[in-house]
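Biologist: I would like a close look at one part of this model, the meeting of its parts, with enough of the surroundings to place it. Please take it slowly and give the cut-offs as you go.

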Amino acid sequence: MSIISEHGYRQDGRKPHQIRNLNYKLGVYSQADGSAYLEQGNTKILCAVYGPYEPKQRSRLLEDRCIINCQYSMATFSTNERKERPRGDRRSLEFARLMEKAFEAAILTENYPRSQIDVFCELLQADGSHLAACVNVGTLALADAGVPMRGLIAAASCACTPDGLACVDVNSREEMGIIPRLTVATISGQDAIVLAELQNRLHKNHLILILEAARKATAHVHSCLEAAVLTHIKAAIGLSSTTDNDMERDNIRFSD
Amino acid sequence: MEVQRELSNGKQVIPITDLGVDQLTYFQRQLDQEITFLTESLKMYIPAKIADPNNHLIEIGTGYFVEMSTEKAADYFRRKQNFLKKQMEVIEEALPEKYRARNTIIDNLQKKINEYCSQWGSSGFWMRIEPLSNCERAFFLSSFKQNVRIDGRKCDEFREVKVIVGSELGSCLVMLGETKVSAQVSCSLVEPSTTRGNMGVVEVQVDMSPMASPDYEDGRLGSKGLELMRILELLYRNCGVIDLESLCLRTFKQVWQIRIDVHVLASDGSLVDCACIASLTALAHFRRPDVSVLPDSIIIHGNDEKIPISLNIYHMPICVTFGITSDGQNIIDPTDKEEQCLRGSLIVATNKRHEICALHQSGNFLLNEQLIVQCVDRAIQRATDVTELIYSVIADDNLKRSNRQQVNGFSELISLNVLTSHQCEPNELIAPAIKIDALGNIPSIEEYIKASDNQMQIDSDSRIVEQKNDEDVELMEQVQSITSLEESKKQENKNPRDLEEVDELLQSIEEEFGNSID
């Protein structure tokens with residue numbers, strides 16, 4: 001079967017350049033400095049950030065900047081087959097390292113020397129584009145914690161069909177074995193890439209097309225994240241003129 | 001009185017862990033003095049004779065002597081023994097406590113020193129590796145702006161790659177400048193996983209030897225080792241380098257497991273590039289034993305029974321490391337010191353079919369699309385060149401093995417001083433067997449002529465005639481061997497210098513042959 005039908009639609013009814021629905025909630029945990037919950041289609045992730053604090057291990061601290069420590073885990077019930085080991089396997093360690101690289105490039109680490117920021121991500125339901133969703137929810141949690149950043153990091157994945165078409169924000173059925181997939185994270189949706197991760201083989205002629213489509217998808221995701229943070233700040237300060245319920249206001253749905 | 005005071009002092013409780021380094025040192029010295037005082041009681045004794053049995057001169061102390069009678073002296077010494085016994089009992093109680101306190105203080109002092117060293121180490125002053133000075137860093141960065149490097153390369157040039165395959169199948173050594181990586185491939189029969197029962201297994205093991213660099217620890221991979229392991233696993237498991245389905249013998253029961261061991265022998269930057277080439281060459285060089293699958297058993301044939309089978313390799317992804325400076329300049333194939341000046345590096349893996357196999361970004365820097373496209377184009381050119389190099393090395397080795405010639409393997413490094421002089425042919429080392437034979441011919445001819453001259457003076461005419469016949473036969477044999485060498489040299493496209501040497505040898509032999517006839 002093919003990803004795109006002959007009429008130009010995908011299996012879930014999207015066009016190739018459309019992303020899935022983004023549902024979010026900021027400030028999920030009260031004991032954490034920053035927390036966020038994100039649904040990107042059927043991919044659901046929770047994230048908690050414990051803000052700049054003094055590290056317990058003295059040997060790890062750096063004199064000129066802070067340390068970003070990321071942990072990624074998949075819940076045992078997140079996939080169709082029960083996962084035996086949610087943490088510590090090679091894939092979760094890879095994801096944690098990639099997230100650390102992305103956040104270190106965006107966070108102004110020079111503002112907090114000799115300190116540490118912890119980011120914990122938990123995947124509740126898996127439906128493709130896990131790395132991109134983790135980066136997005138981490139950005140929301142860091143914004144909720146008030147950590148200064150150069151810009152919101154927006155991440156999106158992009159697949160290349162055998163016909164040479166670009167499909168953004170792939171789900172789990174589109175993540176087949178030999179389809180090349182590229183996950184790109186940018187700052188503020190512009191041409192400043194902090195993360196580039198490629199799975200499977202991709203021909204050179206399709207590279208520019210895939211990069212362009214992925215960057216546009218990140219710009220799209222960034223507009224959704226920006227609106228989410230703005231809405232959360234307005235609700236927190238109380239600048240909203242309407243008298244609607246806070247819960248309904250936080251659960252604003254963004255879709256393309 | 002002094003002992004009692006010490007006891008009263010010892011009863012006080014002092015928290016040792018809260019003290020600083022200076023206070024701990026002071027207490028250590030004080031305890032050493034106390035222990036020395038308590039144990040300093042050794043004196044010398046010599047045998048002697050008594051001159052006057054009735055009177056004795058007794059030493060009371062501090063240089064005073066008193067003349068006593070025998071009875072008074074015995075009573076004095078009895079009282080002194082009682083006094084000493086009491087004192088010894090007191091000392092025996094105090095001395096172990098002093099020793100224990102001293103050991104505790106020494107342990108805490110050592111911990112303080114270790115913490116101090118570790119604090120210094122984390123702030124950039126490493127104990128074993130030299131840090132990069134600010135002058136060096138500024139020099140490197142300014143030379144990058146002028147498109148010049150220390151070893152004479154430009155910013156877009158690679159170092160020379162030397163690939164040597166070993167005498168054992170599946171082993172190879174790759175040298176990329178000063179970076180040296182050895183790879184070894186082996187196989188075994190294992191039970192597959194339940195999810196992929198019809199596919200073989202590829203396992204990658206990376207060994208960051210402390211010989212390569214002082215900051216590598218034995219048994220731990222570190223950040224560079226983890227990165228190297230992850231990229232190699234990404235290439236061999238996800239990109240489909242090897243045909244895994246052909247490694248299946250019995251579905252869900254027995255499959256081949258290919259194990260790739262990568263040993264880093266010397267580290268001077270671009271570690272991923274060198275390790276990738278080494279592991280690919282080892283995979284191409286490897287042969288697994290032939291197997292007969294019977295209905296109830298599996299027969300593995302030895303190398304003498306059946307010829308081992310090579311692996312199915314679909315493509316060869318070649319990694320290229322691009323160092324990125326703070327202002328976005330691109331440095332290809334950085335050395336170890338250059339890597340310390342750079343902001344980060346981008347590793348691109350491509351094959352000669354213009355396919356991108358992996359993108360890896362290490363360090364904290366911002367990429368853009370144009371930079372990625374430039375790096376990919378440059379990496380594809382590199383992949384084409386290195387793939388041709390690997391194929392030529394494997395083809396040469398296969399040709400030698402098929403012709404039953406001796407495969408020297410890694411011993412070439414010793415004979416030609418490759419590891420110490422850092423000079424050798426780029427593709428493969430060719431043994432100079434012909435030159436050795438040519439050099440060996442000259443002294444034997446001279447010796448033979450001298451012997452014949454001596455014998456002519458002594459022996460009779462009949463023997464001289466026989467020796468002349470022997471000379472003729474040997475000369476003819478040598479001429480035939482040299483002509484055959486000349487043919488082999490022409491086939492191998494040797495230098496004109498070698499041809500001139502052969503001509504000189506032929507002329508000298510002809511002259512001697514003419515002289516011997518006369």
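Modeller: What follows begins with the conventions, turns to the contact between the chains, and then moves outward to the surroundings.

Residues are numbered from 1 along each chain as its sequence is written, while chains are lettered from A and ligands numbered from 1 in the order in which they are written. The model is predicted, with local features needing pLDDT of at least 70, side-chain atom pairs counted only at pLDDT 80 or more, and totals for chains, interfaces and linings taken over all residues; side-chain values use heavy atoms, with hydrogens and water left out.

The contact (heavy atoms within 4.5 Å) draws 29 residues from chain B and 32 residues from chain A. Between them the two chains bury about 2,900 Å², of which 53% lies on carbon and sulfur atoms; buried area here is the accessible area, found with a 1.4 Å probe, that two parts lose on being put together, summed over both. Three salt bridges are counted between chain B and chain A, a salt bridge being a side-chain nitrogen of Lys or Arg within 4 Å of a carboxyl oxygen of Asp or Glu. In one salt bridge, the side chains of Lys204(A) and Asp377(B) meet at 3.7 Å, N to O. Eight residue pairs, both members at pLDDT 80 or more, are in polar contact across the two chains; a polar contact is a pair of N or O atoms within 3.5 Å, where within protein one must be able to donate a hydrogen and the other to accept it, and residues adjacent in sequence count only if both atoms are side-chain atoms.

On the side of chain B that touches chain A, the elements giving two or more residues are helix 5, strand 16 (355-363) and helix 8 (369-402). Strand 16 of chain B gives the most to that side, with seven residues. Helices (H or I, at least four residues) and strands (E, at least two) are DSSP runs, numbered from the N terminus.

Helix 5 of chain B deserves a longer look. Helix 5 covers residues 222-238, and because its 17 residues should span 24 Å at 1.5 Å a residue, the 23 Å between its end C-alpha atoms agrees with expectation; the expected span is 1.5 Å times one less than the number of residues. Its buried residues include Gly225(B), Leu228(B), Met229(B), Ile231(B), Leu232(B) and Leu235(B), and the charged Arg230(B) and Glu233(B) are also on that list. Buried means under 20% relative accessible area, exposed over 50%, and partly exposed in between, with a 1.4 Å probe and protein chains only. Just after helix 5, Gly240(B) takes a positive phi of about 70°.

Helix 6 of chain B (residues 271-285) can be set beside helix 5. Helix 6 has 15 residues and reaches 21 Å from its first C-alpha to its last, close to the 21 Å expected, and 15 of its 15 residues are buried. In the loop between strand 8 (254-266) and helix 6 of chain B lies Ser270(B), which has a positive phi near 50° although it is not glycine. Most residues other than glycine have a negative phi. Ser270(B) counts as buried because its relative accessible area is 1%.

Chain A offers a similar point to inspect. Ser129(A), in the loop between strand 5 (116-125) and helix 2 (130-145) of chain A, has a positive phi near 55°, and Ser129(A) counts as buried because its relative accessible area is 3%. The preceding text on loops leads to Thr43(A), which lies in strand 3 (residues 43-53) of chain A. A polar atom of the Thr43(A) side chain lies 2.9 Å from the backbone oxygen of Gly128(A). Leaving aside neighbours within four places in sequence, Thr43(A) is in contact with several residues, among them Arg20(A), Leu123(A), Asp127(A), Gly128(A) and His130(A). At 0% relative accessibility, Thr43(A) is buried.

As for the chains as wholes, chain A has four helices and ten strands, with 52% of its 256 residues buried. Chain B has 13 helices and 16 strands, and buried residues make up 36% of its 518 residues.
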